[in-house]
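I opened a new model today and kept notes as I went. The entries follow the order in which I looked things up.

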Amino acid sequence: MKTVSQIMTRGVSALAPTDSVVRAAQLMEELDVGAVPVCEGDILVGMVTDRDIVVRGVAQGLGGQGAKLSEIMSREVRSCREDESVDDVLNTMSIHQIRRMPVLDRQQHLVGIVSLGDIAASVRNQHVAESLGEISETSEKHRAGMLPVKSKGGDGSAASRSAGRQG
């Protein structure tokens, strides 16, 4: 039985509740992620997602330089322990429709994040791995109802957008 510690992403960047919403958006762009843990020291106190920034921040007029993460972050965050089985965590993620979970050690310190993509990469069953990979896919071509986004200096084609996101 695989445990979360065997597949999780370590060395996760986190922000403080006093950090700005703008800083969170910049970090998400820099790391090409859609969620960042919010910690006081190494104790998880919340999560902020790109959706939180838009729905709780910009839509509520909190998108300016002075807005703090404490104003928009999700405070009740489901997390898992690093010694939990991957199967148990996947079950929890499925039930609660969670794409990524902070991973805590026994002292409740943030030690990583586990995502559907991490689980997909660790699964031996090809069908399950492909399904999980598709669920966690962030490519523009999988965003139903979204208009194509033109990349800086590109022609707006899917190939141009994909080239800018590799790495």
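**Entry 1: the sheet**

I began with strand pairing and found that β3 and strand β4 (residues 100–104) pair in the parallel sense, over 2 bridges. I note here that the model is predicted. For a single residue pair, I looked up arginine 81 and found its bridge partner in β4 to be leucine 104.

Next I asked in what order the strands of this sheet lie. The order is β3-β4-β5, in an open sheet of 3 strands with mixed pairing. β3 (80–81) and β5 (110–115) each have a single partner strand and stand at the edges, so one side of each is left without a neighbour in the sheet. As a reminder to myself, strands of a sheet pair through backbone hydrogen bonds, either parallel or antiparallel.

I then looked for what covers these strands. Helix α4 (residues 86–96) lies across β3, β4 and β5. I noted its angle to β4 as about 135°.

**Entry 2: helix α2**

I moved to α2, residues 21–31, and asked which of its residues are buried. They are Val21, Val22, Ala24, Leu27 and Met28. I also wanted to know what these residues pack against, and I found β1 (35–40), β2 (43–49) and α3 (50–57). The general rule I keep in mind is that an α-helix has 3.6 residues a turn, so residues three or four places apart point the same way.

After α2 comes aspartate 32, and I recorded its phi as positive, near 55°.

**Entry 3: cysteines**

I asked how many disulfides the model has. With sulfur atoms within 2.5 Å as the criterion, the count comes to 0. I then checked whether two of the cysteines are buried or exposed. Cysteine 39 has 5% relative accessibility, and the cut-off for buried is under 20%, so I list cysteine 39 as buried. Cysteine 80 is at 3% relative accessible area and is therefore buried by that cut-off too.

**Entry 4: the whole chain**

I finished with the overall figures. The chain has 7 helices and 5 strands, and along the sequence I read the pattern as α-α-β-β-α-β-α-β-β-α-α-α. Of its 167 residues, 33% count as buried. I put the accessible surface at about 10300 Å², with 48% of that belonging to carbon and sulfur atoms. Among contacts with a separation of 6 or more, 51% come from residues 24 or more positions apart.

Conventions. Residues are numbered from 1 along each chain as its sequence is written. This is a predicted model: local features need pLDDT of at least 70, side-chain atom pairs count only at pLDDT 80 or more; totals for chains, interfaces and linings use all residues. Side-chain values use heavy atoms; hydrogens and water are left out. Buried means under 20% relative accessible area, exposed over 50%, partly exposed in between (1.4 Å probe, protein chains only). Helices (H or I, at least four residues) and strands (E, at least two) are DSSP runs, numbered from the N terminus. Contact means heavy atoms within 4.5 Å. Accessible areas come from the Shrake-Rupley method with a 1.4 Å probe; for residues, only the protein chains shown count as cover. Two strands pair if DSSP finds at least two bridges between them. Axes are lines fitted to C-alpha atoms, for helices over the stretch in contact, and angles run from 0 to 180 degrees between N-to-C directions.
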